[in-house]
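Me: Hi! I have a structure open and would like to go through it with you. Could you take a look?

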Amino acid sequence: MSIKLLPLDFGGYELPQFKESKKGDWYEYGTERPYKNNYPDYLTKLYNESSKHNQIINSKVKFIVGQGFSIEGNLSFKERAYIEGFLRMPNEDENLDDLLAKLAKDKKVYGGFSLQVRMSKNGKIAAVNHIDFCDIRCGVDNNLYYYTDDWTTRTPENNEDFKILMQFPYDDTAKSDVDYLIYYKEYRPDVGVYPLPDYVSAIPYLESDAQIANFTLQNIKNNLSAGYVISFNNGQPTEEEMHEIERRFKNYATGSDNAGKPLLSFTDQASDHPQIMPIPVNGQDERFINLNNQIREEIFTAHGITSPKLFGIKDNSGLGNNADEIAVASQLYQNLQIDPEQKIFNELINSILNFNGVVGSPVHIVKIEPVQRYFSEAAILGAMTQDELREKIGLPQSDVEANKVAEAIGLLSPLVATKVLDNMSIEEIRQLIGLKGGITKTTESLKKEFEGVQDEILFSQLEATGIEVEELETIETFIKPIKNLEDAKQFENQLLNDFKFQINRVLTDVEKNVLDLLIDNPDLPITEIADALQLPQDQVNDIIAELQNSGALNKDFKPTKDGKESIQKPEDETFIVYKYIERADAPPLKTQSRPFCIKMLALSRTKRYTLKQLELLTNDFGQTGIDIFTKRGGWYNNPRTGQTTPYCRHIWEMQIVKLKK
């Protein structure tokens, strides 16, 4: 009796071929079935079915997107406003960070991405839209691309969504009535028309990963049956019969979908029937584990993974300190893998902005913050003093430490010390000062000392800044009940809106911003102005109406000559300054004014201050946000009326001025 063994050849993975289509003027994206001209669908299937691959791709995209785009560099208001509008809405459906996430995912899944460009009538890029990379086919003509979301039909050009796009030229030949495409593919030697993803060498392992998952599922569904050897004992069939038996057997009993499936045998009693012998397990579970580990390692290697922990995948290797390992791996992965990816997208977006007239590289992707190293509790405790340890466990400090606290209060800045004293009783203050030598003071007297120091700090800044009176021409003065910074801002806006002068009136900063945009592009839609300046559209409408009333815009809402020249010249700008004066209704002095007021009245003979200069005053920590308008003295008790007011006999006067020529 002779025995003949049949090798069951299920084929292997081969790289796709890209050939010119016989149906149209494009190249087929793969020539072999079942993914003829649809090779991206195969890559999508691997992305969806391999859990390891899916997690790695998603994490890579998050690394690339980082914290999104940020603006940098010295930019004019107009440039910054345009860029902020572009970041917020590069098209009608999403912001730039969302668009980046789509482009990055296409790049990591398919090895490339595509971006549809729409032009405006003024020769600028009006919008950029993501377009599915798998729906684009490269034309035989290098400047043409073809789009449809269904390339499986016999005649794709008859699809309703079929369109032809041109390669974006990045020059003044771009027209508003043409559909343009930016098409990017990763470089790979001898790759041909279409790209291959960077993980292409691991594709057999990705498919194996998906098949193992399916094998496990089907084996469970089929009652965890073991494997079998089937021997046919009814003689040796012909070659043709053997191949037919092989075909039927493969269709019925092989592949992960048929894992553990029982075999049915139909015979008559007179003939020999097939013998079915179970295969002993004999360490198959260990082989399965080893195979899964091998697949994982090959996938990690193809993706350039330095540490699986970065991608939320548990790994048995690594340093004892996970924080150290992740911190080092994160920095290494950022440098080797993510920085080059982010550079591509930085250059892409900046090239679009450059085309629209913005010079340089004003935007960049902000990287994900690196993993911080954390100190162990033992390390922290080892660095603490004995008294710090006593405080941590709730024990009182030593007398020596109490003396140090007392001395520290004396060294605190006035601002902080005042806040400390506000929360202490007079007895506590007396006790605290007593540790330093028995001096006793009330809370009020201590606060006055600290306030005096703070006044000196503010006065020294006011003395060093401001505008010299001799440089200014005063147009008109106003007395307003300013009690704080917000009052000053409100009154200043009112004055600039209402005040009339030879070119009708002074424009507010917001009006000037709108006018700047219209001078650059008189046909700019209100919607784009609102987006660029982050203002409601109804407010922009009101501002444009006011600009027309002031003479900055003509009847067609186009900038006038005065709007372009006179109003915008810095040397002709009219603005508001502030002067420290004594109130006209101030009662006579009982003793004398505060030192701060005396010095400020003397300084007001030679200095004036803009609101911006007053806003930039700092405390003794160098922090801005000091409200100088609350420094109109302390609480004042009027000797004639007996009433108390939260300000003294002095006020800040508002003056409308312009620079002398």
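**Walking through the model**

Reply: Happy to! L614 sits in helix α21, residues 611-615; helices here are DSSP runs of H or I with at least four residues, strands are E runs of at least two, and both are numbered from the N terminus.

Me: Before we go on, what kind of model is this?

Reply: This is a predicted model, where local features need pLDDT of at least 70, side-chain atom pairs count only at pLDDT 80 or more, and totals for chains, interfaces and linings use all residues. Residues are numbered from 1 along each chain as its sequence is written, and side-chain values use heavy atoms, with hydrogens and water left out.

Me: Thanks! Back to L614: buried or exposed?

Reply: L614 is buried, as its relative accessible area is 1%. Buried means under 20% relative accessible area, exposed means over 50%, and partly exposed lies in between, using a 1.4 Å probe and protein chains only.

Me: And how far apart are L614 and G466?

Reply: In sequence they are 148 residues apart, while in space L614 and G466 are 8.6 Å apart, C-alpha to C-alpha.

Me: What about K564, where is that one?

Reply: K564 belongs to helix α19, residues 561-564. With a relative accessible area of 48%, K564 is partly exposed. K564 and A552 are 12 residues apart in sequence, and their C-alpha atoms are 7.7 Å apart in space.

Me: Switching to pockets: what volume does the second largest pocket have?

Reply: About 980 Å³. Of its 29 lining residues, Y82, I125, N356, L524 and E528 are the closest to the centre.

Me: How is a pocket defined here?

Reply: On a 1 Å grid over the protein atoms alone, a pocket is an open set of points where a 1.4 Å probe fits, with protein on both sides within 12 Å along at least five of seven lines, and lining residues have an atom within 4 Å of a point. Grid points are joined across faces, edges and corners, and the volume is the space filled by probe spheres set on the points.

Me: Which elements supply at least two residues of that lining?

Reply: α3, β3 (125-130), α16 (509-520) and α17 (526-533) each do so for the second largest pocket. The largest share, five residues, comes from α3.

Me: And what is the lining like by class?

Reply: The lining of the second largest pocket has 12 nonpolar, seven polar and 10 charged residues. Nonpolar covers Ala, Val, Leu, Ile, Met, Phe, Trp, Tyr, Cys and Pro, charged covers Asp, Glu, Lys and Arg, and the others, Gly among them, are polar.

Me: Let's stay with α3. What span should its 12 residues have?

Reply: At 1.5 Å a residue, α3 (residues 77-88) should span 16 Å, and its end C-alpha atoms are 16 Å apart, which agrees. The expected span is 1.5 Å times one less than the number of residues. The buried residues in α3 include A81, I83, G85, F86 and L87.

Me: And α16, which residues are buried there?

Reply: In α16 they are E511, K512, V514, L515, L517 and L518. The 12 residues of α16 should also span 16 Å at 1.5 Å a residue, and the end C-alpha atoms are 17 Å apart, which agrees.

Me: New topic, how many aromatic pairs are there?

Reply: A search of the whole structure finds 23 aromatic pairs. W151 and F162 form an edge-to-face pair, because their ring centres are 6.3 Å apart and the planes are at 70°. Rings of Phe, Tyr and Trp (its six-membered ring) pair if their centres lie within 6.5 Å, and planes under 30 degrees apart count as stacked, over 60 as edge-to-face and the rest as tilted. Both W151 and F162 are buried.

Me: Which residues form an aromatic cluster?

Reply: F18, Y29, Y35, Y39, Y42 and Y194 form one.

Me: How many disulfides does a search find?

Reply: Zero in the whole structure, where a disulfide is a pair of cysteine sulfur atoms within 2.5 Å. As for cysteines, C134 is buried at 15% relative accessibility, and C138 is buried at 7%.

Me: Last one, which peptide bond is cis?

Reply: The bond from R33 to P34 is cis, with omega near 10°. P34 lies in the segment before α1 (39-49).
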